[in-house]
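Have a look at the sequence and the model below. The notes after them walk through the chain as a whole and then through a few spots on it.

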Amino acid sequence: MSQKGESRARIIAYIFAVLIPVLLTVQVFQAYRYKKLRNEIKRLETRQVELVEQNRKLISDISVLSSSDRIEKIAEDDLGMHKANTGDIVRVEIKGEKK
């Protein structure tokens with residue numbers, strides 16, 4: 001083998017000697033990032049489930065609190081109101097100006 005061929009083989013060997021650890025380091029870094037992102041996704045999915053459950057509970061509470069029976073009971077018991085009889089209703093008609 002000539003001098004030129006030996007130096008070329010030596011350069012290729014150095015390149016591989018440097019490239020292999022660099023690629024292994026990059027692989028380790030990517031595996032670390034993947035694990036970190038996977039844990040973040042799990043955390044966010046858990047939080048999403050909690051929020052959906054909380055939302056369901058709030059919707060249920062809204063429907064209970066806005067039921068007409070509950071509102072009628074509060075009006076009668078706490079505010080002293082009662083349902084208007086037909087004779088208690090006064091209709092007022094306001095006629096606007098015609099333009």
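## How much is buried

Just 1% of the 99 residues in the protein chain are buried. Here, buried means under 20% relative accessible area, exposed means over 50%, and partly exposed is anything in between, using a 1.4 Å probe and protein chains only. The chain exposes about 10200 Å², and carbon and sulfur atoms supply 60% of that. These areas come from the Shrake-Rupley method with a 1.4 Å probe, and for residues only the protein chains shown count as cover.

A word on where this comes from: the model is predicted, so local features need pLDDT of at least 70 and side-chain atom pairs count only at pLDDT 80 or more, while totals for chains, interfaces and linings use all residues. Residues are numbered from 1 along each chain as its sequence is written, and side-chain values use heavy atoms, with hydrogens and water left out.

## Overall shape

The protein chain has 2 helices and 0 strands. Both kinds of element are DSSP runs numbered from the N terminus: helices are H or I with at least four residues, strands are E with at least two. The chain's radius of gyration is 39 Å, well over the 13 Å that the globule rule gives for 99 residues, so the chain is more spread out than a compact globule. That radius is taken over C-alpha atoms, and the globule rule is 2.2 Å times the number of residues to the power 0.38.

Along its principal axes, the C-alpha trace spans about 120 × 50 × 15 Å. For a feel of the distances, take K57, which sits in helix α1 and is exposed at 53% relative accessible area. Its C-alpha atom is 41 Å from that of R91, with the two residues 34 apart along the chain.

## A nonpolar patch

Which residues form a nonpolar patch on the surface? They are I11, I12, I15, F16, L19, I20, L23 and L24, and together they have about 770 Å² of accessible area. Patches are made of residues with over 30% relative accessible area and no salt bridge; like charges are joined within 9 Å, and nonpolar side chains (Val, Leu, Ile, Met, Phe, Trp, Tyr) within 5 Å.

One of the patch members, F16, lies in helix α1, which covers residues 3-65. F16 is partly exposed, with a relative accessible area of 48%.

## Charges and salt bridges

The chain carries 19 positive and 14 negative charges, and their mean positions are 18 Å apart. Lys and Arg count as positive, Asp and Glu as negative, while His and the chain ends are not counted. Each charge is placed at NZ of Lys, CZ of Arg, CG of Asp or CD of Glu. Side chains of opposite charge can pair when their charged atoms come close. A salt bridge is a side-chain nitrogen of Lys or Arg within 4 Å of a carboxyl oxygen of Asp or Glu, and by this rule the count comes to 6.

In helix α1, E50 and R47 are 3 residues apart, about one turn of the helix. They form a salt bridge, with their closest N and O atoms 3.6 Å apart. E50 is partly exposed at 45%, and R47 is partly exposed at 41%. R56 pairs with E53 at 3.3 Å, again within helix α1 and 3 residues apart; R56 is exposed at 53%, whereas E53 is partly exposed at 46%. Over in helix α2 (residues 68-77), D77 and K73 are 4 residues apart, and their salt bridge has its closest N and O atoms 2.8 Å apart.
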